[in-house]
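Dear colleague,

I am handing over the structure we spoke about, and my notes on it follow below. Please have it open beside you as you read.

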Number of protein chains: 2
Amino acid sequence: MELPINKFNKAFENRIRLGVMSILMVNDWVDFSTLKEMLELTDGNLASHIKALEVEQYIEVNKRFINKKPNTSYRATFLGRNAFKEHLNVLENIIKQNE
Amino acid sequence: MELPINKFNKAFENRIRLGVMSILMVNDWVDFSTLKEMLELTDGNLASHIKALEVEQYIEVNKRFINKKPNTSYRATFLGRNAFKEHLNVLENIIKQNE
DNA sequence: AAAATTAACTTTGCATTACAAAGTACTATA
DNA sequence: TATAGTACTTTGTAATGCAAAGTTAATTTT
């Protein structure tokens with residue numbers, strides 16, 4: 001018997017990383033401070049979770065200057081989108097079971 | 001703006017507790033060794049996660065003897081079922097967003 | 001009756017994860 | 001030169017996760 005929960009992706013088990021990904025699935029480029037506001041996090045905490053997703057190559061980074069201020073933006077990579085979709089599929093199966 | 005992930009239930013953020021609950025949502029009484037096999041866990045690990053759900057009063061416990069051997073069974077309480085359904089609703093909303 | 005066995009824990013110890021707070025690097029502005 | 005803003009990184013600590021070993025109570029075997 002195949003157990004659905006064993007197909008979970010560890011990278012998305014945390015609510016913050018799940019939140020970051022779910023924002024990046026529906027918005028192309030989102031910058032650091034926007035994510036920080038949306039998720040109501042300290043910058044250190046957000047940075048560390050972003051790093052984790054970056055290490056997995058689930059998001060990519062774009063650093064530039066806007067109005068002479070540094071601005072870092074993120075978006076989901078193809079790899080990240082697929083991994084996230086798969087993770088959601090696992091959840092969907094659990095949900096379906098309960099209908 | 002209401003952020004879905006802030007409605008997550010901490011009790012279900014762990015894959016094992018999520019697994020236990022999703023099993024108990026579709027089976028009335030399930031005993032310890034069955035859960036242990038299904039989730040492929042050491043007994044100490046399972047016991048600790050079960051305890052966590054018990055403390056939240058999301059599952060109830062029935063201890064008895066079958067064939068003169070101790071047998072402990074669990075089932076989801078009304079409170080637990082509702083909490084779990086709410087948690088799945090949050091996930092469902094994230095999934096819907098991605099369709 | 002003593003020893004071994006089984007189920008279901010509990011305890012221990014360690015590794016991993018989470019997170020706030022403080023510190024840092026870089027640039028811009030006063 | 002000093003102050004401020006952005007995006008980190010580091011530090012320290014608390015929480016979580018988990019395997020392995022130990023425990024308890026009843027049962028079975030010797």
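Which residues are the closest to DNA strand C? In this model, which is predicted rather than experimental, 19 residues surround DNA strand C, and the closest are Thr42(A), Lys63(B), Pro70(B), Thr72(B) and Tyr74(B). Of the atoms of the strand that come within 4 Å of the protein, 85% belong to sugar and phosphate.

Three contacts with the strand can be given atom by atom. The side chain of Arg17(A) has an N or O atom 3.2 Å from a phosphate oxygen of DNA strand C. Thr72(B) also faces a phosphate oxygen of the strand, but with a backbone N or O atom, at 2.8 Å, whereas a backbone N or O atom of Pro70(B) lies 2.9 Å from a sugar or linking oxygen. As for the elements behind this surface, α1 and α3 of chain A, together with α2, α3 and β3 (69-76) of chain B, each supply at least two of its residues. By class, the surface near DNA strand C has 6 nonpolar, 8 polar and 5 charged residues.

Turning to the interior, the count comes to 1 cavity of 30 Å³ or more, and the volume of the largest cavity is about 120 Å³. Its lining is made up of 14 residues, of which Phe12(A), Glu13(A), Leu18(A), Glu13(B) and Leu18(B) lie nearest the centre of the cavity. At least two lining residues come from each of α1 (15-26) and α4 (78-97) of chain A and α4 (78-97) of chain B. Sorted by class, the lining has 8 nonpolar, 3 polar and 3 charged residues.

Two backbone angles also deserve a look while you have the model open. Most residues other than glycine have a negative phi. Gln57(A), however, has a positive phi, near 65°, and is found in the loop between α3 (43-55) and β2 (59-66) of chain A. The phi of Glu40(B) is likewise positive, near 55°, and Glu40(B) has its place in the loop between α2 (32-39) and α3 (43-55) of chain B. Are these two residues buried or exposed? Gln57(A) has a relative accessible area of 53% and therefore counts as exposed, the cut-off being over 50%, and Glu40(B), at 63%, is exposed as well.

With best wishes

Terms used
Residues numbered from 1 in each chain as written. Chains lettered and ligands numbered in written order. Predicted model: local features only at pLDDT ≥ 70, side-chain atom pairs only at ≥ 80, totals over all residues. Heavy atoms only, no water. 1 Å grid on protein atoms, 1.4 Å probe; cavity = no way out; pocket = protein on both sides within 12 Å on 5 of 7 lines; lining within 4 Å. Points joined across faces, edges and corners; volume = space filled by probe spheres on them. Helix = DSSP H or I, 4+ residues; strand = E, 2+ residues; numbered from the N terminus. Nonpolar A, V, L, I, M, F, W, Y, C, P; charged D, E, K, R; others polar. Buried < 20%, exposed > 50% of the residue type's maximum accessible area, 1.4 Å probe, protein only. Near = heavy atom within 4 Å. Polar contact = N/O pair within 3.5 Å; in protein donor to acceptor, adjacent residues only side chain to side chain.
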